[in-house]
Structures are given as C-alpha cells and as structure tokens.
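Biologist: I'd like to learn how to read a fold like this one from its strands outward. Can you walk me through it?

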Amino acid sequence: CQRSLKEVFGLELLRLKEVCLTTGLCRSSVYVAMNSGTFPKSIRIGIRAVAWKSSDIAQWIETRPTSS
C-alpha cells in the first residue's frame, strides 16, 4: 500500500507550475522573490526537482497586502 506525503506527514507539495498558477507569479518572479527572501524557499525533492510546501504558499498569500 503506497501512501502519499499528505497522508503520511500531512504535507502537500506544489511544483513550480502549481505555485505560479496559485500565486499569479511567473517562474522568474518566483525565483527572484525567493532569492531576495520575500517568498518561501523551495525544497529539493529529487536531483532536478524542487517543490514548495502548500502551507508556506498559503501563508505567503495571506500576508500579501490587499489592493483597495
């Protein structure tokens, strides 16, 4: 029986495409913000693969200023 990371650790990971769709940022903006410390850091999930914790992305979205 194979269980997902979410089932085992309560952790859901988002790949770059999902992060871009969720945040509205393009790929380069994600990496620029991440390198400047204003966006959550990715975690390595393979030799050439990274992902972000969905909880970190949700928290980042919640802390963004809203336009009035």
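Modeller: Sure, and let's start with one bridge: leucine 13 has lysine 53 of β3 as its bridge partner. Next to that, leucine 14 stands opposite tryptophan 52, again in β3. Keep in mind that this is a predicted model.

Biologist: How do I read pairs like these, and how many bridges join β1 and β3?

Modeller: The general idea is that strands of a sheet pair through backbone hydrogen bonds, either parallel or antiparallel. Here β1 and β3 pair in the antiparallel sense, over two bridges.

Biologist: And what does β2 pair with?

Modeller: Strand β2, residues 43-46, pairs with β3 over three bridges, also in the antiparallel sense. Two of the partnerships are easy to look up: arginine 44 goes with valine 50 of β3, and glycine 46 goes with alanine 49 of β3. Together β2 and β3 make a hairpin, with two residues between them.

Biologist: So what is the strand order of the sheet?

Modeller: The sheet is open, has three strands and runs β1-β3-β2, with antiparallel pairing. β1 (13-14) and β2 are at the edges with a single partner strand each, so one side of each has no neighbour in the sheet.

Biologist: Is β3 mostly covered or mostly open?

Modeller: Mostly covered: four of the five residues in β3 are buried. As background for looking at the side chains, in a regular strand they alternate between the two faces of the sheet.

Biologist: Let's zoom out. What is the order of elements along the chain?

Modeller: The chain has four helices and three strands, and from the N terminus they run α-β-α-α-β-β-α. Of the 68 residues in the chain, 24% are buried. For a feel of how the chain folds back on itself, take the contacts with a separation of 6 or more: 40% of them join residues 24 or more positions apart.

Biologist: How do I read a helix pair? At what angle do α2 and α3 cross?

Modeller: Look at the two axes, their approach and their angle. Helix α2 (residues 16-23) and helix α3 (residues 27-36) have axes that come within 9 Å and cross at roughly 90°. That makes α2 roughly perpendicular to α3.

Biologist: Which residues make that contact?

Modeller: On the α2 side they are Leu16, Val19 and Cys20, and on the α3 side Arg27, Val30 and Tyr31. By type, the contact of α2 with α3 has five nonpolar residues, no polar ones and one charged.

Biologist: Can we follow one of those residues? What does cysteine 20 touch?

Modeller: Cysteine 20 sits in helix α2. Beyond its neighbours within four places in sequence, cysteine 20 is in contact with Leu25, Cys26, Arg27 and Val30. The C-alpha atoms of cysteine 20 and valine 30 are 7.6 Å apart, though the two are ten residues apart along the chain. Cysteine 20 has a relative accessibility of 17%, so it counts as buried; the cut-off for that is under 20%.

Biologist: Now the core. Which residues form the largest nonpolar one?

Modeller: A nonpolar core is read as buried nonpolar residues joined through their side chains. The largest one here has twelve: Leu14, Leu16, Val19, Cys20, Val30, Ala33, Met34, Phe39, Val50, Trp52, Ile57 and Trp60. At least two residues of this core come from each of α2, α3, β3 (49-53) and α4 (54-63).

Biologist: What do Met34 and Trp60 touch?

Modeller: Leaving out residues up to four places away in sequence, methionine 34 touches Phe39, Pro40, Lys41, Ser42 and Trp52. Tryptophan 60 lies in helix α4 and is buried, with a relative accessible area of 12%. Outside its neighbours within four places, tryptophan 60 is in contact with Thr23, Leu25, Thr38, Phe39 and Pro40. Tryptophan 60 and threonine 38 are 22 residues apart along the chain, and their C-alpha atoms are separated by 8.7 Å.

Terms used. Residues are numbered from 1 along each chain as its sequence is written. This is a predicted model: local features need pLDDT of at least 70, side-chain atom pairs count only at pLDDT 80 or more; totals for chains, interfaces and linings use all residues. Side-chain values use heavy atoms; hydrogens and water are left out. Axes are lines fitted to C-alpha atoms, for helices over the stretch in contact, and angles run from 0 to 180 degrees between N-to-C directions. Angles under 35 degrees count as roughly parallel, over 145 as roughly antiparallel, 65 to 115 as roughly perpendicular and the rest as oblique. Contact means heavy atoms within 4.5 Å. Ala, Val, Leu, Ile, Met, Phe, Trp, Tyr, Cys and Pro count as nonpolar, Asp, Glu, Lys and Arg as charged, and the others, Gly among them, as polar. A nonpolar core is a set of buried Ala, Val, Leu, Ile, Met, Phe, Trp, Tyr and Cys residues joined through side-chain atoms within 4.5 Å. Buried means under 20% relative accessible area, exposed over 50%, partly exposed in between (1.4 Å probe, protein chains only). Two strands pair if DSSP finds at least two bridges between them.
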